[in-house]
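Q: Please take a close look at one part of this model, namely how its pieces meet one another, and explain it to me slowly, as I am in my first year.

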Amino acid sequence: MNHIIETSDLKMRFRGCDALRGVSLNVDEGTVFALLGENGAGKTTAIRILTGFQLPTSGTCRIMNLDPAKDALEIRRRTGYVSDAPALYDWMGVGEIGWFAATLYDEQFLPRYQESIRRYEIPEDRKIRHLSKGQRAKVALSLSLAHDPELLILDEPTSGLDPMVRRDFLESMIDRAASGRTVFLSSHQMAEVERVADVIAILHNGKVRVCEPLDTLKDSVTEVAISLEDPLVALPTLPAPAEVLGEQSYGRQRSMVVRHYDSAMHDLLATRVGVTGVAERALSLEEIFIAFTGRSQSRKPVDGAEVPMVTEGGVV
Amino acid sequence: MTKGLINNRGLIWKEVRQLVPLVATLFAVGLVLMLVWQMSPADMREMRQHGRYIPLALPGLFAVGAAAVTVGQERDQKTILWLTSMPVSPGRLIRIKLAVCTAALGVMWIGCWALIKIELMVGAFPGGFRFPFLPNMNQEVFITRQVAFLSWHLHTLYILVCGFYTSWRIKNSFAGLIAIIPLAFAPFAVVHLGESIRRMRVGLTFMDPVTSDLAALAVTLAATVIVGALAWRAAMRVLSPAGAKKESGDANRLSPYAVFGLSTETPRRVPDQPFRSTTLAMLRQSFGNNRLSLLGILLMILVGVIGATAGGLPYFGSSRSGGSVQIFCGLLGVCFLGVFAFTGDGRAERLRFFSDRGASSAKLWLGRHLLAVGVLGFASLLYLLVGVISQSMEREDRYYVYMPPLTLAILLAVYCYSLSQWVGQTVRGLSISLILAPAATVASLLTAGAVLPQGGMTTIGAFITLALAVLWYFLPLIATLLSMRAYADGVQGRKLVAKSVPALALFVAIPLFPSTVEYFSYPIITAAQRSSLAHQATKAKTSSGLSIHSITFQTPIGGRQLPDVNRSDGSKSAVAYDDRNFSAAHLANVYADDAQKRGAMCDPATFNGILSLASFAKVQFMHSPKDEHALAELNDWMETMTKLARRLRPSWRVIDQDHADAIVSWVADTLASDQYQMHLDQPAAQAAQELIADTQGWSDARRRAVLISWYQWNEKSQSGAPADQFGGYSIDSWYGIHRGGLGQWLFRNHMIDSIAFHLLELLDAEEQGQSSLQQRKTLHELICRTYQVFERGPYSDRARRNGASQAALLNTETRTNYPGAQWYAAWEKELTQNAITD
């Protein structure tokens, strides 16, 4: 499959701050790719580089085989982009802004835009400044989709939308992917991303912590709950490729989030002296995200795997 | 070309739509200012002189604001980011913005010329239109009109390009707008510098003015190209992908760390204790943001202070011509300071931070104005200090420099600030606020200044007028205080304007109040009375068939000028110095040769000369009653004056009736003198006695004169010609006409109607033997207003007593200012009584 987005070792340094510290991503055509990360993780910077608004400090980036720094115009012609806070001309009417944008695209733009606006039930003659936040987001989405872009880049797309519209929108993203279009979105709405994304990348401190298909990611991360006879019982180090993302104690109960956990490890833990029971549970994407984006440095296990610090309230 | 237009129609439409409010505001402001100018009293010569150039300012103001609207506003609102996310190249965007703004500048110029055409039609430029300033400050007489035309147009284009440069280069719109001011004057500075260098090298030699003006034009052209290139570069930088280093530098360029060369990594020290007062926190917030703008404003105010005070200082005193520009710059800075109060950290969104935390609207309001209090207080101290130093310097030209008193300067500055902060709070667009604030300040100040003080002379009295003036002065500050809660809660646009409507209505109504009160108490005649007057006047006009000859000549009293005489055949000729003959016989030959056949109009200056010469002859005779020559001279004068009086009676002007009355009074006084008693049998005396005895036609002549004078006034007014005389009286010398611009506009025609009507009423009352006191009181109110109390005025019984009457008739000031003041006065009644007795 062709990569519609390819980045290699992207670095972006602002004054006193490394926004990106070597981001390498490959996004396949016809997928819904979700870039997750906490506030300040570097998501918007990465998107600005992809859309040609920002030059990286180092590293390479290609969108549809084009260089965003040199071919920004062509990329913008073939992509749709909605920023996290789209600033539309608030003195224009809903219909007017569509007509205005249509002059920069092909003839099909305006009918598609008008159809989209009608679907969202926004009056065409209403001024943008009189629209609610959600309605503005709908107009921005309609504008970004009306030229049927090969790649749709969305920065927090569903912010401000009501649940019904959010559901419609997300389903339309799945439809787009099904028709061979690519959607690249960044979001905090884990439940929604979980519903639509094919591939998930988690960005933390300017680095990609994980980039895997959603199913693979969810299958690979497990929460293990261990019942102990005594809270001071020491547990064995899990063998490679296991990676403990977080660990927490509640009296005689100990909980670990483990990546690449398998049945052999279950036996290892269950047969340990002082262990009275071991239970596994699959995690939601949100729990996986929290496990990957803990603020503290993970402790190194004996075999070299990172070991998270245990703090009250969860793995951070 | 057409394809280009079609492809870019969306972008062109967007830019045009963004510029429309600016263009509309400018034309609206321009028209209001022109109306103010039109309404300004004729005696405000300076204002009338400069006010007619208001249309020329419009393209310049547009050039200042265009880039702020099309670039600065887009950067502020971040719409430029959305625009650049679409497939449109930076170069195309920049080109379209510049092209649309240039085309709109052309439209502004067309509008400007249309307004100038209107001004030409109403006679604002009697000698034809001329540009007031030129790039090298020379007068237009030294330059071809083409160069002047090009210079003005090119310079506005240059300002437009400067606006583009500052808007792209400086992210803050406010600072960008202020930065245009020094750039706009840069070509002048270069031209002056070049001239200084030339003079240093070749000395003070003459340079062909056209060459120097062409050189100035070339400098402006070169500056336009250079700044245009810089603007293009700045725009491309903004619209191209941001580089890490550049963004870092931009973000931090104006931070105090960068300014003082500190490391950017140095953490900002946070004070240990928070502000305990919301107002102090607000004050701190006032200069926490927009520092570059604040610095620019402070510099402008400083320039104004220096311009107003430094006339005596060694350097500044030598450039007095620049003083008014500096003062203007200072007041503009104060206006900007007013707008600054509600921009940046004064914006509603920022103030909401305090509002959400329970800060009262009064505290918020006070906090926003503390900075201005500090700035204006400091400027006042500086004004005082520099003024004292300047005045203490001994310089030859020091006394020619007018330094406004500190109180006046503070009052003016506070008003400029006050109104501008109101505009800043109410109007959303920054560039429109910055243009509207000074324009509204000028318009309101001049209008109220011309109208409001008149209240002291009306029935509302000086105290109430003063109270109204104080309320009006502080109303903008009160308005922003009252709307502060809504503003801080995020109410904006039309809703905020709607909340300001009562205050705005009051602000407009207060200056109109005195005129309104006066309008309802003014003795305006009814439509029926006017209709009757018109009917009588038309009848009088058609029945008057006698041709009237105008008498005008320069009297030689007190001077050696050659008299320029109007001969009876209508031609003019100057009497040769050696041939001067001011004897009555000569004058009679010149003016009264066909006296029996034609009526005469005599202008006040000529009549005063005649009366003075006649009185001189009389004094000579009184001094030497036995001198035959003096007697002959007086008799000649008696004859001439008798003839003149008979010729003046048929005149259709009211003033000629009063002249005739003055002659009758003079003749009667002469005949009654002891020295003349033995000469009463002489022909001149006989003719004079017949004149005195013939009082029958006086009333009819006066009535006819009033009616036809009124008819002529209306005819002249309706023709659009400047009507400044009624029946030969210059109405500008009447205190009653000076009621401020609005009053003058409202009452001018009503006044003349009413004067004519009450003069006729006076005649009616006296003819029927009734008292004319009421009519005279009304005439006094109409003409003298509150300048004099009635009892001491020209229409009072006191002025019409025997003795006082004659003095009043012979008094030039009384006779030439107050129509009909001595009609049926004591002197006339005495003569009539004597005639009946005889």
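A: What follows goes through the places where chains and domains meet, and then through a few local features of the backbone.

The model is a predicted one, and the contact between its two chains A and B is a good place to begin. Here 24 residues of chain B are in contact with 26 residues of chain A. On the side of chain B that touches chain A, the elements giving two or more residues are helix H2 (9-39), helix H5 (79-84) and helix H10 (244-252) of chain B, and the largest share, five residues, comes from H10(B). When the residues on this side of chain B are sorted by class, 10 are nonpolar, nine are polar and five are charged.

Just before one of these helices there is a local feature of the backbone, for Lys78(B) lies in the loop between helix H4 (54-77) and H5 of chain B. The phi angle of Lys78(B) is near 65°, a positive value in a residue other than glycine, and Lys78(B) counts as partly exposed, because it has 14 C-beta neighbours inside 10 Å.

Chain A, for its part, is divided into domain 1 (3-205) and domain 2 (220-292), whose centres, taken over C-alpha atoms, are separated by 38 Å. Where these domains meet, six residues of domain 1 of chain A are in contact with four residues of domain 2 of chain A. On the domain 1 side, helix H7 (190-196) and strand E8 (199-204) of chain A are the elements that give two or more residues, and H7(A) gives the most, with three. By class, this side of domain 1 has four nonpolar residues, one polar and one charged.

After E8 of chain A comes Asn205(A), which lies in the loop between E8 and strand E9 (207-213) of chain A. Its phi angle is near 50°, again a positive value in a residue other than glycine, and Asn205(A) is partly exposed, with 16 other C-beta atoms within 10 Å. Within the range of domain 2, a cis peptide bond joins Ala240(A) and Pro241(A), with omega about 5°, and Pro241(A) lies in the loop between strand E10 (221-228) and strand E11 (243-250) of chain A.

Finally, the largest nonpolar core has 201 residues, and those with the most contacts inside it are Phe62(B), Ala66(B), Leu160(B) and Phe336(B). Both domain 1 and domain 2 of chain A give residues to this core, so it lies between them. Leu160(B) touches several residues distant in sequence, among them Ala63(B), Ala66(B) and Cys101(B).

Note on methods:
Residues are numbered from 1 along each chain as its sequence is written. Chains are lettered from A and ligands numbered from 1 in the order in which they are written. This is a predicted model: local features need pLDDT of at least 70, side-chain atom pairs count only at pLDDT 80 or more; totals for chains, interfaces and linings use all residues. A nonpolar core is a set of buried Ala, Val, Leu, Ile, Met, Phe, Trp, Tyr and Cys residues joined through C-beta atoms within 7 Å. A residue is buried if 20 or more other C-beta atoms lie within 10 Å of its own, exposed if 12 or fewer, and partly exposed in between; C-beta atoms are placed from the backbone. Domain bounds come from an automatic or database domain assignment. Two residues are in contact if their C-beta atoms, placed from the backbone, lie within 7 Å. Helices (H or I, at least four residues) and strands (E, at least two) are DSSP runs, numbered from the N terminus. Ala, Val, Leu, Ile, Met, Phe, Trp, Tyr, Cys and Pro count as nonpolar, Asp, Glu, Lys and Arg as charged, and the others, Gly among them, as polar. Lists of a residue's contacts leave out its neighbours within four places in sequence.
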